[in-house]
Number of protein chains: 2
Amino acid sequence: QRASAKGGPKILPPGCSEENFTSFLDAARKLVEDDNVFLIELDHNLIDGDYMQPCKGHDMHAIVDREYFVASATVSPRDVPEVQELMRLCNKHEIPVWPFSIGRNTGYGGAAPRVPGSVCMDLGKHMNKVLDVNVEGAYALVEPGVTFFDLHEYLEERNLREKVWLDVPDLGGGSIIGNAVERGVGYTPYGDHWMMHCGMEVVLPNGDLIRTGMGALPDPTVSKDPNLRPDQQPGNRCWQLFNYGFGPYNDGIFTQSSLGIVVKMGIWLMPNPGGYQAYMITLPRDEDLHAAMDIIRPLRMQMVLQNVPTLRHILLDAAVYGNKKSYSSSDKPLTDEELDEIAKKLDLGRWNFYGAVYGPEPIRNVLLSVIKQSFLSIPGARFWLPEDRKEPNSVLHTRSNTLQGIPSVDELKWVDWLPNGAHLFFSPITKISGDDAMLQYSVTKKRCVEAGLDFIGTFVVGMREMHHIVCIVFNREDHESKKKAHWLIRTLIQDCAEHGWGEYRTHLALMDQIAKTYNFNDNAQMKLNERIKDALDPKGVLAPGKNGIWPKGYDKEAWAIPSE
Amino acid sequence: QRASAKGGPKILPPGCSEENFTSFLDAARKLVEDDNVFLIELDHNLIDGDYMQPCKGHDMHAIVDREYFVASATVSPRDVPEVQELMRLCNKHEIPVWPFSIGRNTGYGGAAPRVPGSVCMDLGKHMNKVLDVNVEGAYALVEPGVTFFDLHEYLEERNLREKVWLDVPDLGGGSIIGNAVERGVGYTPYGDHWMMHCGMEVVLPNGDLIRTGMGALPDPTVSKDPNLRPDQQPGNRCWQLFNYGFGPYNDGIFTQSSLGIVVKMGIWLMPNPGGYQAYMITLPRDEDLHAAMDIIRPLRMQMVLQNVPTLRHILLDAAVYGNKKSYSSSDKPLTDEELDEIAKKLDLGRWNFYGAVYGPEPIRNVLLSVIKQSFLSIPGARFWLPEDRKEPNSVLHTRSNTLQGIPSVDELKWVDWLPNGAHLFFSPITKISGDDAMLQYSVTKKRCVEAGLDFIGTFVVGMREMHHIVCIVFNREDHESKKKAHWLIRTLIQDCAEHGWGEYRTHLALMDQIAKTYNFNDNAQMKLNERIKDALDPKGVLAPGKNGIWPKGYDKEAWAIPSE
Ligand SMILES: Cc1cc2nc3c(=O)[nH]c(=O)nc-3n(C[C@H](O)[C@H](O)[C@H](O)COP(=O)(O)OP(=O)(O)OC[C@H]3O[C@@H](n4cnc5c(N)ncnc54)[C@H](O)[C@@H]3O)c2cc1C
Ligand SMILES: Cc1cc2nc3c(=O)[nH]c(=O)nc-3n(C[C@H](O)[C@H](O)[C@H](O)COP(=O)(O)OP(=O)(O)OC[C@H]3O[C@@H](n4cnc5c(N)ncnc54)[C@H](O)[C@@H]3O)c2cc1C
């Protein structure tokens, strides 16, 4: 729904009159003050920005028309009561609102809303405090705007890394809350961020404020001040120590969902393990993937592999060292021979395994000796320590930081594999097994080649499964390139569903398609999700369409992504 | 509501006419066959039975009048469609139904329903198959009736304990599903049963059947048979490997809740660690609790203490060796001197710490040396291996089994501390810290003494908190003893709330009181729980009142537990 009036938004919220929108904006401006309401006007030029300065009203790695996933306005509340009041306002005016913490969710839609014309709520701009770092309990309590970089610096400045470590994803600029509620991953032993969260404060769609777990029990010994607002009350001393509380354990319904806005969250920190060593193992042949996986599974389940290790395809590493042009003048997918050549040139394997051992030296030595012995049974496999790699931009050096929770943006470089580099993540879950990994690799690679794109990917090894992250890099200024990437991911979703594989997370444009693959027993899970959604958000104002869940007022089909 | 007609139930479901009940029973009998409907008739004599033969229609450790928490009938479905159909019948007749898996939930209400006259659904009688044990993925898929004993025997018979270990609670007769959905605990590194579950199949209050996580994605590669019922379809190959799936992660709302009936659940098994050693450390003085806790916290967080260890009060051990009478003729709480004497006689400490190390010998040695060195800094502390203890019924010998997942019923003995022994668990959560543990111990002990009861308790050490389990033993044939126990737990709940402590789980009779302590921001969490409850179960038929959550048709106050 395009707005007509000059001075109005580029896109109005669905079904919203200009008067209603203006009256909403006036109320919002009064609430959060003018500076914190940003209207995306009709003639506004959508500037993507970059990772460090991401745009906040559209998808900066747009895979469909850049003008599609665009907000009507961005509002930045300054505290929890303003978030609550905004939710009440949105209900009153029946305006959809899309909350985000930082907006660096690239590859999955950035800060953009699923429904064009939604109001985006930028939680991180003002609500960005580290509320607590408790060394004894090894946890932090943070607001949405706290990035991995922020918490890292907080620890560094106070010399707390001697005591506790943070877990970080590949890039440090994301929100700790934003990443955890999307169930993102990092690479230390605390890599499952959702598993490691503990206790939340959440604004519900109707503006109510809850604390989960032990947070629901007020602690009279920490504060008796009756003048404190609920959100200002110090939490129960066990809020960040014990997740489940009493009664239904609700936390999970606030992940990948449209049921609440997380305004505080506890995250467990890892006690400094008293020693650390990162390493890389290079595997020469493409088919070594098979043997590697069957080695990894038992070691990981036994916790000999203590962290979330990754097995990276040569091109993911190569792309960090340079763009496609620097290796080849071809604009076709690189051939096996070319990949072998690149591996040789970089002195890397066709697959490269990055892990680390944690603990005092005698423990590390025992673990490392088992790890080496196991992997070096693969002919031609080589073991490397960071000091063995002298090249600039060494991925092992970066991983050595990441795997001890030191954030960076080094890995951003692979996004520039193609000119005007943008990316889309395809992230199916798979068993840790040679057969499964080989099959999933061949199925996905085949389609990449069909789309004329290089396969770039990594297997991220969780407790008993892997997140296979296929990085679809495209040229965002090239219509054809975007079309291919979009075709590719739609086709991969379908192919994988036929193999029984499903994705753990996705871009706005693919949410409906993926949700439909989780259709056991006539979509029984979706019906449950919709029933809960309608009960908590009867007007359907909070993030309609997120992860394929549409409130009762919305016609799913009408909101299908326009195919180009 | 007492029934009048002979041949009718002792207690009718609330608001239910005898005709309606009869017509429900007829339909139920037709569905599951006569043998699987058991009516608790007006003149039925309520027999408690014992742990091995628990009663299925009332609380066998009744803390209020034995005639209060009593079902109208027990129905035992034979398969998932019958569970679904029973839910539809209950909706049709508006009859409350209370599901249980085994009914050995002693100390928390056994198999009894919260609302007298509910129909109990005995899931475990027929639905008791181990559906899968997958060694490669280290998991099992079980039905509600599978007990820890059952799965253990399954592993033993197939020589699978060489590969994978089970985690068990103190007693092996409980349901793996029943225990996990109540968020019960065991004592290996996999002791948090809820954390270690993976993937569920759940019947919703309206009879719909869902699979959670990856289970929601049908796997065409494992079966294409169109004639299989949904519940018979082989699950997605990642169902038991990855919990979260796509979209809201709903599993938690089916724990300690009345939102669904879990008919299948995956549970992770621990890969055989390749070596094991249990040990005990005895601490001579009551106040050693303080030092011990401050030693335990960092060791546990560093995973030097790999499992869920326990620090047990002398009387918990003493009660396993003999009843109160065998130590003293006093009917008052035992004095410090008497406790010292018992400790001396048993060659135990006033507190006794039970742990284990896992892994190959060099790893175990490193860990044990750190553990010993830390604890033996407490004057008089002594370190014991199982072979050091030659007495019969040695608790260390039992723990040595429990801590490697070998189930038993040895610990049942402490329930007989008093004649006609019955028990009630008071289970607050606390920080792992000397100050907190001492304070909670003194607050709870003081009230035990006031009630004329002995303090019997254990600190169960989780990841960053402790479940402090206070075992309130009473004489179930002595009205005064029951009254005291009931007074004690009500008082403890209140005292602890004033210290900011809350319980993790509770008996039917205390659910409302505890739920009310989790009242942050004007009971915001309860309002959320009620909203979800009403949305999924508009007629309020599934387990009304469970964990303090009452459907909209119920007047909470009217269902308050009668005080004696
Ligand atoms: C090179 C590269 C490497 C990457 N590596 C990783 C990796 O290792 N691991 C990984 O997980 N990701 C990775 N990503 C993806 C992404 O950068 C991170 O996941 C990032 O943390 C997400 O962005 P954000 O934190 O700014 O989230 P936001 O954009 O703030 O939030 C993302 C979404 O979460 C929801 N949300 C956010 N905050 C809230 C809230 N407070 N309440 C309710 N809902 C909320 C909203 O739906 C929002 O759209 C990578 C990306 C790139 C480009
Ligand atoms: C001496 C002693 C020691 C104990 N030690 C421990 C211990 O170490 N750890 C521990 O956790 N407990 C312990 N307990 C308590 C108890 O014995 C166990 O928790 C036991 O597993 C619970 O009984 P059950 O498995 O038969 O559960 P059930 O009685 O089958 O279920 C308990 C409740 O869970 C819910 N429920 C059960 N099945 C389902 C289902 N399929 N779908 C939905 N809801 C369901 C119902 O509300 C039901 O009332 C101990 C008890 C005693 C007496």
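**View 1. V75(B) meets its partner across two strands of chain B.** In this predicted model, zoom in on V75(B) and you'll find that its bridge partner in β4(B) is M121(B). That pair belongs to a bigger story: β2 (residues 73–75) and β4 (residues 119–122) of chain B run parallel and are joined by three bridges. Now look at what packs here. Helix α2 (residues 80–93) of chain B sits on the sheet and touches β2, β3 and β4 of chain B. The direction of this helix makes about 170° with that of β4(B).

**View 2. The whole open sheet of chain B, strand by strand.** Read across the sheet and the order is β1-β2-β4-β3, four strands with mixed pairing. Why is one side of β1 and one side of β3 left without a neighbour? Both β1 (37–39) and β3 (97–100) of chain B stand at the edges with a single partner strand each, so there is no strand of the sheet on the other side. From one strand to the next, the twist averages 20°. Helix α1 (residues 18–32) of chain B lies across β1, β2 and β4 of chain B, at about 150° to β1(B).

**View 3. The open sheet of chain A.** Here, too, you can trace four strands in the order β1-β2-β4-β3, again with mixed pairing. At the edges are β1 (37–39) and β3 of chain A, each pairing on one side only. Ignoring direction, neighbouring strands are turned by 20° against each other on average. For a closer look, pick out β2 (residues 73–75) and β4 (residues 119–122) of chain A, a parallel pair with three bridges. A73(A) has V119(A) as its bridge partner in β4(A). Two helices pack on this sheet: helix α1 (residues 18–32) of chain A touches β1, β2 and β4 of chain A, while α2(A) touches β2, β3 and β4 of chain A. Their directions make about 150° with β1(A) for α1 and about 170° with β4(A) for α2.

**View 4. Where domain 1 of chain A touches domain 4 of chain A.** The domain assignment gives residues 18–122 to domain 1 and residues 513–559 to domain 4 of chain A. Their C-alpha centres lie 22 Å apart. How many residues of each are in contact? It's 13 from domain 1 and eleven from domain 4 of chain A. Together they bury about 1,000 Å², with carbon and sulfur atoms giving 66% of that area. There is one salt bridge between these domains: E94(A) with K539(A), with the closest N and O atoms 3.6 Å apart. You can also look for four residue pairs in polar contact. On the domain 1 side, α2 (80–93) and β3 (97–100) of chain A each supply at least two residues.

**View 5. Chain A against chain B.** Each chain brings 90 residues to this contact. About 8,100 Å² is buried between the chains, and carbon and sulfur atoms give 63% of it. Three residues to look for are F246(A), R464(A) and F520(A), which supply 13% of the area that chain A buries against chain B, more than any other three residues. The chains share eight salt bridges. One to zoom in on joins R297(B) to E136(A), with the closest N and O atoms 3.9 Å apart. Add to that 44 residue pairs in polar contact. Which element gives the most to the side of chain A that touches chain B? That's α14(A), with ten residues.

Technical notes: Residues numbered from 1 in each chain as written. Chains lettered and ligands numbered in written order. Predicted model: local features only at pLDDT ≥ 70, side-chain atom pairs only at ≥ 80, totals over all residues. Heavy atoms only, no water. Pairing = 2+ DSSP bridges. Axes fitted to C-alpha atoms, helices over the stretch in contact; angles between N-to-C directions. Contact = heavy atoms within 4.5 Å. Domains from an automatic or database assignment. Buried area = accessible area lost by both parts, 1.4 Å probe. Salt bridge = Lys/Arg side-chain N within 4 Å of Asp/Glu carboxyl O. Polar contact = N/O pair within 3.5 Å; in protein donor to acceptor, adjacent residues only side chain to side chain.
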